Amino acid sequence: MAKITRRKWLVAAGTTTAAVGVATLAGKTRLKAQEATPASKHNYNYKNVSPRELIQRRHLPNVELITQDSEKVRFYDDLIKDKRVVIQFMFAQCKDVCPIITHNLVKVQRLLKGRVGKDIFFYSITLSPEEDKPKDLKEFAKHHGAGWTFLTGKPEDILHLRKSLGFFYNKPKEDADRNNHSGMIMIGTEPLTRWAHCPGGSKPEWIATVIRMEMDAPLKGSVNGVTQPDVAFSTKRPVKESKQAMPAGHMH
Amino acid sequence: MTFISKRNKRWEREKQQALDNRLELVKEGFTRRALISMGLMTGAGVLIPKVGLTHPSVGPPQDFSSSTRTQCDFGNSPQPAQVFVDPMPIPPELPSRPLTDPGLQFGAPPQICPNTAPNPANNNLPFEGRGQFEGLPRPGTDCFQFFTQYPVQKYYVERIRANSNFRICSDTNIPNQLIWGFNLGGSASTDVATFPGPTIVSRYQEPWLIRRFNELPTQSQNGGFGVPEMSTHLHNFHTAPESDGGPCRWFFRGQYFDYYFTAQQAGFASTHAPNGDINESLSTLWYHDHRIDHTAENTYKGLEGFHLIFNQFDTGNETTGFRLPSYPQFDIPIILNDKLLDPSTGKICFDTFDFKGLIGDVQLANGKIQPYLDVNKRRYRFRVLNGGPSRFYELFLTDPLSPSTVIPFWVIANDGNLLPTPKQVTSFRISVAERYDIIIDFNQVKSLIGSHTKVRLENRMIQDDGQGPTCDVAAPGTGIYCVEFRIGSAVTDNSVNPATQPSFYTLPSVITPRITRHFEFDRDNGQWVINGEFADCGDLRFTVTQNTAENWVLTNPRDDWQHPIHIHLEEHQILSRVDNNGRYDSRSGDSRTRTSFGGNCPWPGGGAGISTTRPGVPNVEVSRKDVTTLQFDEDATVFFRFRDFRGDWPMHCHNTVHEDHAMMLLFQVQPNVIDNNTEP
C-alpha cells in the first residue's frame, strides 16, 4: 500500500480544524522537540498494583463454568487461584488434534505419579459450549480415561476466557477454526506469576518433564538462604477438587 | 503490505492509516504526551481527528471486554516528555580476574568435569549447574572438550542479579525499572546488574572461562515475568555444547556454571589444526539467556550483553591489521530493543499469555529510550544488534531537518563476520539476533547535511504485530528514531576508508555437501513446528557426521509470518533465497493467488543489490551468517560445516516468542554415524 503523506492525510481528513491545528503546531514544534527541557510534572496516574493482580485482571477472568459433574465453579477463585495448573482447550466432537492431545495428557497424568488432582490441577475447557453439555464432557473424559476436570459454560464466557488466556488469531478465519486453539497447553503457577506453554502434541514424557520443571524448579535453589516458599500448595485444597474423577478402570 | 484476505483488507487499510498518521505526528516532534495534553490523542493512543484515524493501536480487532483495553499492549505505554535528552550508555568492559578470586574458588576452582558435589547451603543442589538436568547430576556428561589442549588464559566472573532501580530514561514520569542482568563479577551488593550487561572482550588464541552465578531473587519476586533459571548462550561462538549455553542446560538459584571457550576459529581440530581457519573469525557476538520456554521473557528482562573478539587482523587498533576504527573510543556496540510499559504502573511489562510475538512502542538503544551520542567528525564502527524480542528493523541514517537527504554508509560485517570487502548501503534490514557492523564516516555525513549537526538512526520498517514485518518501509523521517548522533569537531582518523575497498577475510570455500536436508518452519494447530515436530530436550532429531558439510533448505510456507532462524555451532552461508510465490497459498487460509507482495518483499538489499552468483541473496548477506531470516513464502538454502566438537546443538526461530513456543529442534554431531534422513 502506498504510504500516505501528511499532506494527503490532511486532504483525506477533510482538513478539520483539529487536523490543521496539529499540522501548524507540528511545523513549529519540530525543532524544539529535539532540545532538552526539564522533565515535566508527573502526569501518569500509576497505581500500586502487584504483577500478580494485573495478570489476574487481564488474563484470568472469574467467569462461571460448569464441570462435567454439573457443578458451578468460578474460573479464577475456584480453579486457578493459589494453584499449579495445566489448561487446555478441546471439544468433544473434535476429530483432528484433540483426541491425540487428550490421549497424551492421560499418559502425562500417569507420568506425574498421582500429583494430578493433588498439587497439580488439569483443566480441559470446551471450545464448543453450545454443543458440549456436562454429560458430553463426562462421556468424553470417561472414553479417554481422563481423570481431571472438564469445563463448559456460557458461550460468551468461554470466548472471553479463551481470548483472555491468549488463545486467538488475528485473522477471523483462522480464529474461527477450533482446531487452531486445541494444540497448545498452558502451564501455570498462579501465585508465582509463572506461565509457560507446551505443545500438546509433544511426546508425553516431554510434556510431563516440562510440567514438572515448571512446578518444581522455583523451589530448588536458594540465594543467601532465601528459598521460594511453596505458596502454591500451602493453601487448603478446594472443595471442588475432591470430586475429580479417578482415572477410569480400563486405562490401568 | 503483507498479502491479506479481501475480508480483512479494509480494516487493514484503516488500521495502517491510523498508524501512519499517528507516527507522522509523533515523528514530527510531538510525543504522545504532548498530543494527549493537546487533546488530540487519548491515553489509549487513539487520534481524535476522524477519517481513518480511529484505530486504537496496532493490534487485532479483538472483541476483548473493556477490562483488557488497559493491557500491556502496543500504544498503551507511558512515554517520556522528551527524547534524545539522555546520552547513550556504553556498557563497561568486564574485568578479568585472577584464579585466586573468591568467586572462582567458590565450591571448587574451575575443573574439566562439572563440580557435582552437593552444596549443603543450597538445598544440596550440586555446586555447579553444568552436567545436570532438573537439578539431578548426570555423571560423566558435559566435561569440557579440549580443556587441556587449550589452557585457560583469562578468567571472568559474572553474577546474574536483579536491579530494581534501573533507569531507562532520566524523565521522572517513567519510574525505576526492575531488570535482571549481569554484573561486573564482584560479590559486593554495590556491583549491580546492568542492561545491557558488561561487554566481554576476548582475543583469539587466548582461551577464556567465565563463571556465572545465579543470584536472582525467588520466582515470586519476578515482577510478573521471568523465571530464575539461567542458561547463558554465547551467540554464536564456535563452542562445545557444555559451554554453549543451550536451551536445555540451565542452572538454578545459588548455583554457578563454568563456561569454557577454546578461543580457536572453526576447523581447529579438523581442517585447520591447531588454531582454526582465520577466515572463520568472528568479531561481534552477544550473550543472552536461552532457558527453554522462557527465553523471550528472560532476555526481555535484561539478560543480554555484547562479547567482542579481536585477532591479529581485526585488532581494535586503527593503526594495525585491517585498520578498523579503534576500540573502544570509535568502535561502539548498540543493542536495539523495543519495550512495552504497563499503563497501570509504568513498569516494563511482558505478556506471558501471548505466543505470537511482542511489538513494543518504547524504543531503547543500549537500555535507554531514544538516546543521543556525541561523535567526532570521523569514521566510527558501530556494532548494531537487534536484541528482540520480535521486531524487525530497516535502519537508515536520517537528517531530521531534511529527511529526504540520502545518507550512505558502509556495512563491513554481517552477524559479526567481516565481509570480504565493505558494501556501501543506504539501509540494512536486521531481524532479531542479527548483527550488522557498520562504518559511518561523520565527516562525509557532515558534507551531506551542510549546516545541520545531527543525524539519527531511523527504523523505517513497518510492523503491525509479532508475526513479522510488513512489506512496507515508512517514508523518510516518519519511522522510529533509535539514536541521535551529534556531530562535533574533527579529530585524527587513522582508520581505513571503506571506499578504498580493503579486503578482509575471504569467504570459506563451499564444498559439495554430504547430504541436503529440508526443514519447514510452520504453524500447526496453534503450535510452532519444524517439520511437524516440537522442541524436546530429550529428542535429538538427527545426527550429522562430524567434520562433514551439509546443505539445509529452510522453508517458510507462510505468507503472514517471518522467522529469523538461528543455528548454533558454526557460521553458515546462504547459497540461495527462492521466493515461492503462490506455491503455498492454499495453506495460508486465503484462496486468492498472490501475484506479488509489492513493497519491499523480499528485501531488495539496502542499496547494495542482490548477488549475481547467489540467487536472491542480498550482497550484504554474501557472508558467513548465524541467523537466516525466512521471509514470506521463502526457501533459503544454507551451507554448513560441523567441525571439531561432538554433542548436541539447537536450531530455532529467534523470534524469541516463537522459540519459546517450541519452534526449535536439537541435532547432534557425532563421528562415524551416517544419518541420511533428509526431512528429520
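**Figure 1. Meet chain A, with its nine helices and nine strands.** Everything in these views comes from a predicted model. Chain A has 252 residues, and 46% of them are buried. Look also at how the chain folds back on itself: among its contacts with a separation of 6 or more, 72% join residues 24 or more positions apart. For the complex, the predictor reports an ipTM of 0.88 and a pTM of 0.88.

**Figure 2. A close-up of helix α3 of chain A, residues 51–59.** Which residues of this helix are buried? They are A:L54, A:I55, A:R58 and A:H59. Seen down the axis of α3(A), these buried residues fall within an arc of 100 degrees, so they line one face of the helix. The general rule for α-helices helps here: there are 3.6 residues a turn, so residues three or four places apart point the same way. And what covers the buried residues of α3(A)? Part of the cover is α7 of chain A, residues 155–164.

**Figure 3. Chain B, built with seven helices and 36 strands.** Of the 680 residues in chain B, 63% are buried. Contacts between residues 24 or more positions apart make up 75% of those in chain B with a separation of 6 or more. The average pLDDT of chain B is 89, and 87% of its residues score at least 70. Two stretches deserve a more careful eye. Over residues 1–69 of chain B the pLDDT stays under 50, although the model has 132 contacts for them beyond four places in sequence. Residues 585–595 of chain B also have a pLDDT below 50, and the model gives this stretch 17 contacts beyond near neighbours in sequence.

**Figure 4. Where domain 2 of chain B meets domain 3 of chain B.** Chain B is divided into domain 1 (1–57), domain 2 (102–295) and domain 3 (515–670). Between domain 2 and domain 3 of chain B, the C-alpha centres lie 27 Å apart. How many residues does the contact take from each of these two domains? Domain 2 of chain B gives 20 residues, and domain 3 of chain B gives 20 residues. On the domain 2 side, the residues touching domain 3 of chain B are eight nonpolar, nine polar and three charged.

**Figure 5. B:A240, in a loop of chain B.** This loop runs between β9 (232–235) and α4 (241–244) of chain B. Is B:A240 buried or exposed? B:A240 is buried, because 21 other C-beta atoms lie within 10 Å and the cut-off for buried is 20 or more. Not counting residues up to four places away in sequence, B:A240 touches B:Q145, B:F645 and B:G647. For a sense of scale, B:A240 and B:R291 are 51 residues apart in sequence and 17 Å apart in space, C-alpha to C-alpha.

**Figure 6. B:N459, in strand β24 of chain B.** The strand covers residues 454–459. B:N459 counts as buried because it has 26 C-beta neighbours inside 10 Å. Leaving aside neighbours within four places in sequence, the contacts of B:N459 are B:Y393, B:E394, B:L395, B:G479, B:I480 and B:C482. If you would like another landmark, try B:I565: from B:N459 it is 106 residues away in sequence and 21 Å away in space, C-alpha to C-alpha.

Notes
Residues are numbered from 1 along each chain as its sequence is written. Chains are lettered from A and ligands numbered from 1 in the order in which they are written. This is a predicted model: local features need pLDDT of at least 70, side-chain atom pairs count only at pLDDT 80 or more; totals for chains, interfaces and linings use all residues. Helices (H or I, at least four residues) and strands (E, at least two) are DSSP runs, numbered from the N terminus. A residue is buried if 20 or more other C-beta atoms lie within 10 Å of its own, exposed if 12 or fewer, and partly exposed in between; C-beta atoms are placed from the backbone. Two residues are in contact if their C-beta atoms, placed from the backbone, lie within 7 Å. Domain bounds come from an automatic or database domain assignment. Ala, Val, Leu, Ile, Met, Phe, Trp, Tyr, Cys and Pro count as nonpolar, Asp, Glu, Lys and Arg as charged, and the others, Gly among them, as polar. pLDDT is the predictor's confidence in each residue, from 0 to 100. The arc is that of the directions from the helix axis to the C-beta atoms.
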